[in-house]
Amino acid sequence: MSGTISVERSDKETVINIKGRFNFEMHSQFRTAYQEDTSKGQKGRKFVIDLSGTEYIDSSALGMLLLLREEAGTNESDIEIINAKPEIRKILETANFQRLFKIS
Amino acid sequence: MKILIVDDDRINSTILNRLLARDGHAVVISHDGVEGVEKFRRENPDLVLMDIRMPRMNGYEAARQIKRLAANRFVPIIFLTAVTDEESLALCIDAGGDDFLTKPFNRTILQAKIDAMERIRRLHGELRRQKETVERHQEQLQQEMEVGQHLFAKIVSAGNLLDAPCLKRWTSPMSVFNGDLLVAAYNPAGGLHIMLGDFTGHGLSAAVGAMPLAEIFYEMTAQGFSLSELVEAINAKLISVMPTRMFCAACLIEVDFRQQSLLVWNGGLPDVLVTDQTGRVVRRLVSNRLPLGVQALTREDRKMEIMEMRPEHRVFLFSDGLIEAPDPSGEMFGLDRLMAHFDGRTQTDQIFDTILSSLRNFRGGAVQTDDISLLEIDCSRAGEEPPGGMPRRSEKNLPPAPWEISFSFHAGTLKNVDPLPTVINAVMSIQAPTGHRERLYTILAELLSNALDHGLLGLDTEMKKTPTGFIEYYNLREERLAALESGFIQLKLMHEPVLSEVDGRRIGGAIHIRLDDSGPGFDYNKVRSSLEGNCGHGGRGIALIRSLCSELAYLGDGNQAEVVYRWMYE
C-alpha cells in the first residue's frame, strides 16, 4: 500500500527517492533516510527529494517535509523537491510549499 | 512442577513417582478417577498423568472433568496407555488429552514429554496474561475516548452557529474524532465568521489541535476581533502547541451583510468556489498562504481577500478529502467529477446535494481514508438571523457605578492593532450590561473607523457608496494604514448611574463617549443633511450611531465627536 524509499549520498548531497505512495506509513522510513545526515549537525548539506516515482502524497507527507526542514536547520537548509508530477505539484502549491522549498 | 498421577496400578505409580521426584517435581498420587478429580481440585497441579482403565471412574471421564475444572488455565493431561490402536487414542483426544505415554515407561521420553508440555503451558500462560492486558487497555482506551469525545464535542461545538440560515454543511469524519474542523460564529456587529480547517492526519491526534483553535475562534469572534487578528492568534497558538509535522490547512471567511462583502483568507485548502445564478464558477479564491501552524505570519500573510457579495452568489468550500475520496478500486473522486456540477446545467440550489449524491455513488462501499467536509454559503440568506435570534453573551451585570477611562492611540499602535476589541472589552469588564455589547460595539466601531479612516487616513467616504468602491476603499485603507507615520486618536469614556425618578434606585447608566482625532475634520452639517436616514455603504455611519444613541454631536472642525449612550436593566 505505501511506497519505498531509496537514498543516494555524495559528499555534499543527499538524494531521497520516493516511489509509490508518500503517506503517513512512510514516516519512520523517511526519517531514517535523512537522519543519518541531520543527526551529525553538519551544516550546508543539500537535500534533494525526488518525487519522480511518487504517485500520491498526503498531508502527513507534507508534515514530514516540514520536519526534515526543521531538523536540517530551517532557514539555512537547502532542500529541493524535484520531478513532482502535476497533480502532486498542485498539492505542494496549494499548501504554498514553494515558499519553504525549492520546487523544480 | 506439581504433577498429579492418576493410576490404580501401584507399581506403575511408584515407578513414575520415583522418576519424577528425581527430576525435582512435586508428585501427588491418586488411585482412581474420582480421587483424581478430587485431588486435582484440592492440589491444583500443573500437569496430569492419567491411566485409562480404573475403578469408580475411568480416565476419559476424569480427564473431561479436570479439563472443565481448569477452564481458563491450560493443564496438560498425558494419558498412560498400554495400547496404541487409533480408536483408543482418538477417545483420549476426545476426552481432552494432550499427549500419550506408552507403557512400559521410558525415562527419556517421559522427561521430553513433560518438558514439551511445560513449554506449551508457559506459552499459554503468557498468552493469557497478554490477552488480559490487551483487554484492560482496550477498556481504558474506550473510557478515555468517551471523555475525549465529550470534551471535543463541548469545546468545538460551543456556540457553534452552523445552523445559520445561509449555511449548508456536510462533514464525514473517518474516525470518532474529526480532523476537519468546521466552526461559525457571529461577531458583535452581526458579521458571520466561518472557518474550515483540515489538520494533518486524522483521528484523535488531528482532533487535539482543533480544541485550542475552536476556543480562540469563538472567544476572539465574540470579542469583536477581526478575521486577520484571528488568523494571527490561531497561527501563533498552533505553532506553540503542535509538533512540527502537524499543521492546519484552513480557510476563514467573514460574511459582512451590512457592507455586502466577503473577506476570505485561504491557507492550504482547495480553491474556494463562488458561483452566480447560472451555477457557473465566477470566482476562485485560491490558497495563497501557507497553512496555519507552519511559521510566523508577515503583515502580507494576514491580509484578506475582499470581494463584493451579491445575493445570487453561492460560496463552496471543501477539504481535500472530498477530491481524494477513493472508490472501491482506489481511484479518486477527483476535481473533474466535482467541477462537472458547476457546468451551468445544475440548478444553483441543487449543486450541494448533487455533489454529495454523486460522491456517495462513486465511493460505493469503499473504506473512507480521510475526513471529508463540504460547506455552502447562500449569500441571498446572509441577512437572515439564526433560529432563536442572534446569540448574546451573558455578561456580569455589575450594578451601575461612576467610572472614567481614557485611551490614547498613536500611529505606531494603530497600524498594528485594532483598538476596538481592547476598548469594548475594557468597558464590558467594568460595566457589563447584558445585551448592550453589540450596540456599544457598533457605536465605538463607527466612531473609531470614522476617526481612523477619514481623520487619519484621509479616505473619502463617497468611495464606499458602491460595492466595487467599497473594495477599492478597503484595499486603499490597508495600503495607507501600513504607511501611516503620524497622528493619534483619543478616546474618553465616562459612566454615571441613572436613578429612578420614583424611588431613586439605580436603574441603569449613561456612557458619555468623547473621541478626538488629529485629522482635519469634516463639514458635519453638510454630511448630516445629506445622509439623514442612510446607513448603507459608507456615510460615516452617522445615521446608525444616531439611531443607537440618545445624543450625538460633532464639535470643533468635525474631528471631535461626543456621544451619550443610555442603558437600562432588562
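**Two parallel helices and a shared interface**

In this predicted model, helices α2(B) and α3(B) run roughly parallel to each other, because their packing angle of about 15° falls under the 35 degrees that marks that class. To find the pair in chain B, look for residues 33-43, which form α2, and residues 59-69, which form α3. Their axes lie 9 Å apart, and α2(B) passes α3(B) in a right-handed crossing.

Which residues make the contact between the two helices? On the α2(B) side they are B:G33, B:G36, B:V37, B:F40 and B:R41. Facing them from α3(B) are B:G59, B:E61, B:A62, B:Q65, B:I66 and B:L69. By character, the residues of this contact split into five nonpolar, four polar and two charged.

Now let's turn to the place where the chains meet. Here twelve residues of chain A are in contact with 15 residues of chain B. On the chain A side, the largest share is supplied by helix α2 of chain A, residues 59-71, with seven residues. And what is the make-up of the side of chain A that touches chain B? It consists of five nonpolar, five polar and two charged residues.

A word on confidence in chain A may help as you browse. The mean pLDDT of this chain is 88, and 93% of its residues reach 70 or more. Within chain A, confidence is lowest in helix α1, residues 27-38, at a mean of 87, while helix α3, residues 86-94, has the highest, at 93.

How values were computed:
Residues are numbered from 1 along each chain as its sequence is written. Chains are lettered from A and ligands numbered from 1 in the order in which they are written. This is a predicted model: local features need pLDDT of at least 70, side-chain atom pairs count only at pLDDT 80 or more; totals for chains, interfaces and linings use all residues. Axes are lines fitted to C-alpha atoms, for helices over the stretch in contact, and angles run from 0 to 180 degrees between N-to-C directions. Helices (H or I, at least four residues) and strands (E, at least two) are DSSP runs, numbered from the N terminus. Angles under 35 degrees count as roughly parallel, over 145 as roughly antiparallel, 65 to 115 as roughly perpendicular and the rest as oblique. A crossing is left-handed if the near helix is turned anticlockwise from the far one by less than a right angle, and right-handed if clockwise. Two residues are in contact if their C-beta atoms, placed from the backbone, lie within 7 Å. Ala, Val, Leu, Ile, Met, Phe, Trp, Tyr, Cys and Pro count as nonpolar, Asp, Glu, Lys and Arg as charged, and the others, Gly among them, as polar. pLDDT is the predictor's confidence in each residue, from 0 to 100.
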